[in-house]
Amino acid sequence: MFALIKALQWTITLSLIAFTGGGIIGMLFTMMRIADNKILKRAAQFYISFFQGTPLLMQLFLIFFGIPIILGYDVPAIVSASLAMTFYASAYLADIWRGSIESIPRTQWEAARSLGLSWFEQFGLIILPQAVKISIPPTIGFLVQVIKNTSLTSIIGFVELTRRGQILNNVTFEPFLIFSMVGFLYFVICYPLSLYSQRLEAKLTIESL
Amino acid sequence: MGYDFDFSVIWRYRELFLQGALMTIRITGIATGLGLLVGIVMAGLQLLKNRILSGLIQAYIEIIRNTPFLVQLFFIYFGLPALKIMIPAWQAALIALTINIGAYATEIVRAGIESISKGQIEAGRALGLSGLQIFRFVVLKPALMKVYPALTSQFILFILNSAVISVISAEELAYQAKYVASRTFRNFEIYLFITVGYLLIAQLFRVLFRLISRLIFRKAPVN
């Protein structure tokens with residue numbers, strides 16, 4: 001059990017890296033997506049649909065085997081895992097945030113423009129604060145997906161919770177005990193987040209009535 | 001870069017890849033159908049308003065939705081032999097996928113059922129239909145129609161996620177990729193090709209779902 005909790009730290013670390021990195025890159029693609037420039041828009045669209053349309057496991061493998069080709073030497077599994085999870089998270093976050101921004105009625109933009117605000121003022125002062133509020137529940141919901149999906153990095157050899165469980169199972173041959181505990185640890189982290197996300201969403205629905 | 005790309009291996013092992021793709025389509029196809037069935041039954045059972053039953057179903061949904069699929073897969077794949085039940089890897093994968101899809105499908109179908117107006121159900125009762133008949137003839141079809149887009153996009157995600165079952169050596173697409181890669185060391189080329197393969201399979205299912213919706217609802221879903 002102690003070994004599992006220690007491995008859990010890696011799961012959390014990787015989730016945080018993926019979420020932060022994905023947030024930063026995702027923000028970039030969100031801006032590209034809502035920009036007026038057609039080329040930027042198309043590029044962002046392509047990026048998002050590639051990462052949403054292919055299995056995460058394949059993305060992990062492509063990066064895991066692709067980095068040595070580009071760099072000429074191997075990197076530790078955590079580097080490929082972080083990179084792949086970051087790209088993956090950024091594509092989904094960009095889409096969630098674009099949806100939130102577009103859900104703000106056009107009239108808000110127009111009203112802001114009629115007040116003589118510049119584009120950045122319109123976006124930053126009027127649209128963004130409203131969009132952020134809408135985007136929080138699905139973003140937390142997606143964080144749960146990220147945490148669960150870090151389990152896939154065990155396949156490219158990153159020793160996090162799932163991989164540690166597998167190793168322990170190979171030694172002890174007690175699959176029910178080990179994988180129940182592994183599942184329980186994921187559940188303990190994910191369930192409160194899921195609940196929190198649902199509650200926020202319910203609150204938002206009531207407010208908008 | 002000093003790396004020579006060699007895509008010829010893909011043509012040399014084309015039959016294995018085709019087999020793998022067919023296996024992926026078969027497993028995910030069956031699991032999707034069964035999962036939807038589980039979802040409909042579970043969502044129907046929740047309508048009975050039996051506290052214990054609903055509690056159990058809710059627990060099932062929350063446990064599945066808040067733990068990784070990979071862990072569920074290991075639980076079943078390594079757990080069943082411990083119970084002296086021996087089944088091939090692809091069947092263990094099928095069970096895990098069905099249980100997983102079932103949980104998500106239950107949530108979505110229930111949302112659909114809740115969107116059906118009370119008046120419809122009362123009208124059904126006024127016509128003297130039994131509870132089961134109301135569910136079958138009045139509630140189910142419009143409910144499924146309402147959530148059809150949500151349901152199918154969730155299914156597409158599962159089809160992509162099914163690549164994970166290669167880990168327990170179910171011989172589907174990603175597994176064949178691993179096999180060929182380990183014989184030829186052309187990892188990158190092969191996984192690039194397989195990634196495109198998954199894109200195509202997902203597209204195939206999208207078309208299929210659209211056809212099914214035309215057939216059943218006689219109307220394109222609002223996508």
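**Exercise 1.** In this predicted model, work out whether A:F173 is buried or exposed.

*Solution.* Start by counting neighbours: A:F173 has 12 other C-beta atoms within 10 Å. The cut-off for exposed is 12 or fewer, so A:F173 counts as exposed. Next, place the residue: A:F173 sits in the loop between α7 (161–172) and α8 (175–208) of chain A. Finally, check the backbone. Most residues other than glycine have a negative phi. A:F173 isn't a glycine, yet its phi is positive, about 55°.

**Exercise 2.** Do the same for B:K84: which loop holds B:K84, and is B:K84 buried or exposed?

*Solution.* Look between α4 and α5 (89–114) of chain B; that's the loop with B:K84. Now count: there are 6 C-beta neighbours inside 10 Å, so B:K84 is exposed. As for the backbone, B:K84 has a positive phi of about 65° without being a glycine.

**Exercise 3.** Take α7(A) and check what its end-to-end distance should be, then find what its buried residues pack against.

*Solution.* First, the length. α7(A) has twelve residues, and at 1.5 Å a residue the expected span is 16 Å. The multiplier is one less than the number of residues. The end C-alpha atoms of α7(A) are 16 Å apart, so expectation and model agree. Second, list the buried residues: A:L161, A:T162, A:R163, A:R164, A:G165, A:Q166 and A:L168. Third, look for their partners: these buried residues pack against α1 (2–34) and α8 of chain A, plus α4 of chain B. And what follows the helix? That's A:F173 again, with its positive phi near 55°.

**Exercise 4.** Describe the side of chain B that touches chain A: how many residues are in contact, and which element gives the most?

*Solution.* Begin with the tally: 31 residues of chain B contact 31 residues of chain A. On the chain B side, the elements giving two or more residues are α3 (51–65), α4 (69–82), α7 (131–161) and α9 (187–217). α9(B) gives the most, with nine residues. By type, this side of chain B splits into 22 nonpolar, seven polar and two charged residues.

**Exercise 5.** Find the residues that touch the most other members of the largest nonpolar core, then list the contacts of B:A93.

*Solution.* The core holds 106 residues, and those touching the most other members are A:L57, A:L60, B:L73, B:A93, B:V109, B:V164 and B:Y191. α5(B) supplies the largest share of this core, 13 residues. Now zoom in on B:A93: leaving aside neighbours within four places in sequence, its contacts are B:I27, B:L73, B:I165, B:I168 and B:A170.

How values were computed: Residues are numbered from 1 along each chain as its sequence is written. Chains are lettered from A and ligands numbered from 1 in the order in which they are written. This is a predicted model: local features need pLDDT of at least 70, side-chain atom pairs count only at pLDDT 80 or more; totals for chains, interfaces and linings use all residues. Two residues are in contact if their C-beta atoms, placed from the backbone, lie within 7 Å. Helices (H or I, at least four residues) and strands (E, at least two) are DSSP runs, numbered from the N terminus. Ala, Val, Leu, Ile, Met, Phe, Trp, Tyr, Cys and Pro count as nonpolar, Asp, Glu, Lys and Arg as charged, and the others, Gly among them, as polar. A residue is buried if 20 or more other C-beta atoms lie within 10 Å of its own, exposed if 12 or fewer, and partly exposed in between; C-beta atoms are placed from the backbone. A nonpolar core is a set of buried Ala, Val, Leu, Ile, Met, Phe, Trp, Tyr and Cys residues joined through C-beta atoms within 7 Å.
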